[in-house]
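Please open the structure in a viewer and keep the selection panel at hand. The tour below proceeds from the ligand to selected positions in the loops.

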Amino acid sequence: MTDQAPAAYDGPQRVLSGVQPSGALHLGNYLGALKKFVDLQSRMDCFLFVADLHAITVWQEPDKLAAQTREIAAAYIASGLDPDRAAIFPQSAVRAHVDLAWIFNCVARLGWLDRMTQVKEKSGKLKERATVGLYTYPVLQAADILVYKATHVPVGEDQKQHLELTRDIAQKFNNDFNAPGFFPLPEPLIEGPGARVMSLRDGQAKMSKSDPSDYSRINLLDDKDTIDQKVRKARTDPEPLPDNLEALKARSEADNLVGVYGAMAGLTKLEVLERFAGQGFGQFKPALSELLVETMAPIGDEMRRLIGDPAELDRNLAKGAERASAIAEPVVDEARRKVGFWRPTI
Ligand code: TRP
């Protein structure tokens with residue numbers, strides 16, 4: 001016996017993330033996820049999927065699921081992801097995710113899953129009626145990541161716990177099957193400043209697709225006039241913008257709008273304040289609206305074009321699935337071998 005640390009993973013660095021096809025995407029998804037992916041695609045190998053396997057952990061209308069999947073793919077591409085660079089694909093099109101998820105279901109422990117806070121929130125009060133899939137959702141997520149031996153996972157704060165579970169599963173698999181360094185221990189890339197976008201009606205609540213007020217969010221498919229209306233009606237206060245972050249922090253709605261401006265313009269909040277300190281929202285809102293319309297309206301237009309041409313979209317998705325499978329299948333084959341499954345001698 002030696003007390004050396006187990007061999008560390010030394011394979012290539014890869015980025016992986018997924019977005020669920022359950023409801024319209026908004027500015028929060030754009031700044032928190034899509035824009036991040038776009039920034040990463042030129043630096044690292046990216047695998048970006050539409051999480052349709054995860055979506056069916058709660059009921060989805062079969063007639064709508066494929067259209068919603070295409071809509072997310074269209075949002076990826078319209079936001080600037082290049083399907084020749086990043087692999088963009090529906091999760092269900094790469095069967096290796098499910099293969100590995102079953103093996104991981106037999107590695108992860110009930111006690112680990114019992115601690116998953118997002119599953120608890122999603123199953124709500126009627127836990128007995130929640131699907132078994134919802135319970136093992138974080139295990140499938142671990143398989144999504146490790147089937148590509150991904151090292152970096154851009155996600156929101158709410159997914160941190162799932163990344164911890166992914167590392168626990170990777171470590172336990174490597175241990176149990178005597179395969180040090182086989183799976184990497186992936187790291188989350190958590191959203192930077194300005195990327196956590198709050199509701200336009202309430203600076204304390206996250207911008208969300210489930211908020212009953214459509215005025216609380218800017219949807220990727222909103223047209224110019226709608227974007228402008230929503231910015232003008234956004235809740236604010238009567239004070240002019242301050243010249244320091246301390247004073248801004250106490251005003252959650254103002255803080256959010258300054259953060260959005262900064263994230264869109266590539267400026268820090270302080271740089272935005274340097275530009276607008278002393279001005280009221282009568283001046284700031286039109287500037288913000290102009291900036292949002294400039295970036296978001298063309299994305300919406302391109303999404304509509306792509307959704308209107310499903311053949312082009314499907315060609316890209318099929319190509320993405322093929323490239324993803326070429327990486328994932330050998331990893332699953334190797335994992336199957338380590339587990340000791342039968343394979344033909346001939
Ligand atoms: N659970 C993630 C979410 O709700 C979506 C997701 C599924 C994901 N599989 C993933 C994110 C793998 C990152 C990596 O946002």
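Helices (H or I, at least four residues) and strands (E, at least two) are taken as DSSP runs and numbered from the N terminus. The model is a predicted one, in which local features need pLDDT of at least 70 and side-chain atom pairs count only at pLDDT 80 or more, while totals for chains, interfaces and linings use all residues. Residues are numbered from 1 along each chain as its sequence is written, and side-chain values use heavy atoms, with hydrogens and water left out.

**The ligand and its shell**

Select the ligand first, then the residues near it, that is, those with a heavy atom within 4 Å of it. There are 13 residues around the ligand, of which His54, Tyr137, Gln141, Asp144 and Gln159 come nearest. By type, the shell comprises six nonpolar residues, six polar and one charged; here Ala, Val, Leu, Ile, Met, Phe, Trp, Tyr, Cys and Pro count as nonpolar, Asp, Glu, Lys and Arg as charged, and the others, Gly among them, as polar.

Next, colour β1 (14–19), α7 (132–146) and β4 (152–155), each of which supplies at least two residues of this shell. Which element gives the most to the shell around the ligand? It is α7, with four residues.

**Polar side chains at the ligand**

Now display the side chains of Tyr137, Gln141 and Gln159. A polar side-chain atom of Tyr137 is 2.8 Å from a ligand nitrogen atom. For Gln141, the distance from a polar side-chain atom to a nitrogen atom of the ligand is 3.0 Å, and for Gln159 it is 3.2 Å. The protein covers 89% of the 360 Å² of accessible area that the ligand has on its own (Shrake-Rupley method, 1.4 Å probe).

**Three loop positions**

Move to Lys149, in the loop between α7 and β4. Although Lys149 is not a glycine, its phi is positive, about 45 degrees. Lys149 counts as buried because its relative accessibility is 16%; buried means under 20% relative accessible area, exposed over 50%, and partly exposed in between (1.4 Å probe, protein chains only).

Asn178 is the next selection, in the loop between α8 (160–176) and β5. This residue, also not a glycine, has a positive phi of about 50 degrees. Is Asn178 buried or exposed? At 68% relative accessibility, Asn178 counts as exposed.

Finally, select Asp202, in the loop between β5 (187–190) and α9 (224–233). Asp202 has 30% relative accessibility and therefore counts as partly exposed. Add Ser252 to the selection: its C-alpha atom is 8.1 Å from that of Asp202, although the two residues are 50 residues apart along the chain.

Note on methods: A polar contact is a pair of N or O atoms within 3.5 Å; within protein, one must be able to donate a hydrogen and the other to accept it, and residues adjacent in sequence count only if both atoms are side-chain atoms.
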